[in-house]
Amino acid sequence: MNVTPKVVSQLIIESCSNFPRKKACILDETFITYSELFDLATALASIMIREANIRQGDVVAQCAHRSIHMIVGMVAIQLCGAIYCPLHPEEPLSRKKYIVENVNAKVLLTTCSESLQIKALRIDEIKSVAN
């Protein structure tokens, strides 16, 4: 059997095309469909490219509590071809700053209000391209 390897972003796009109305992510009582996930992730990816000049291979840090917004951020990072650097919201600010500096993160996706002295985009404020 000859299987062509695919990157995560290709698999996500295929799933969104093949199953637009199916649940892509379920968290407690909340869910998001593949279509909604794709719309929000592409909107965020566009903002990252336009406002933070994110390119393939750039490091994008994300500091978010477990949420659907966190998944949208992870997918958007994949769609940009960027490298995902997770930061735990409960870590001390000094540790998060240290990580961001050491990985040379270009932007921070967050649901928090604290500043890590790099450009930050609030992922919980992203609206679908359709909205």
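Which residues does Leu44 touch, not counting residues up to four places away in sequence? In this predicted model, the list consists of Val72, Gly73, Ala76, Leu109, Ile123 and Ile126. Leu44 is a good place to begin, as it also appears among the residues with the most contacts inside the largest nonpolar core.

That core has 29 residues, and Leu44 shares its place on the list of most contacts with Met48, Ile54, Val60, Val72 and Leu109. Several elements give two or more residues to the core: the helices H1 (8-18), H2 (34-52) and H3 (68-80), together with the strands S1 (23-27) and S5 (107-110). Of these, H2 provides the largest share, with 8 residues. A second core, separate from this one, has 10 residues, including Val59, Ala61, Leu87 and Ile99.

Two of the helices that contribute to the largest core, H1 and H3, can also be followed as a pair. Their axes come within 8 Å and cross at roughly 115 degrees. Because angles of 65 to 115 degrees count as roughly perpendicular, H1 is described as roughly perpendicular to H3. The crossing in which H1 passes H3 is left-handed.

A look at the side of each helix fills in the picture. From H1, the residues that take part are Val8, Ser9, Ile12 and Ile13, and they meet Val75, Gln78 and Leu79 of H3. Sorted by character, the residues of this contact comprise 5 nonpolar and 2 polar ones, with no charged residue.

Note on methods:
Residues are numbered from 1 along each chain as its sequence is written. This is a predicted model: local features need pLDDT of at least 70, side-chain atom pairs count only at pLDDT 80 or more; totals for chains, interfaces and linings use all residues. Side-chain values use heavy atoms; hydrogens and water are left out. A nonpolar core is a set of buried Ala, Val, Leu, Ile, Met, Phe, Trp, Tyr and Cys residues joined through side-chain atoms within 4.5 Å. Buried means under 20% relative accessible area, exposed over 50%, partly exposed in between (1.4 Å probe, protein chains only). Helices (H or I, at least four residues) and strands (E, at least two) are DSSP runs, numbered from the N terminus. Contact means heavy atoms within 4.5 Å. Axes are lines fitted to C-alpha atoms, for helices over the stretch in contact, and angles run from 0 to 180 degrees between N-to-C directions. Angles under 35 degrees count as roughly parallel, over 145 as roughly antiparallel, 65 to 115 as roughly perpendicular and the rest as oblique. A crossing is left-handed if the near helix is turned anticlockwise from the far one by less than a right angle, and right-handed if clockwise. Ala, Val, Leu, Ile, Met, Phe, Trp, Tyr, Cys and Pro count as nonpolar, Asp, Glu, Lys and Arg as charged, and the others, Gly among them, as polar.
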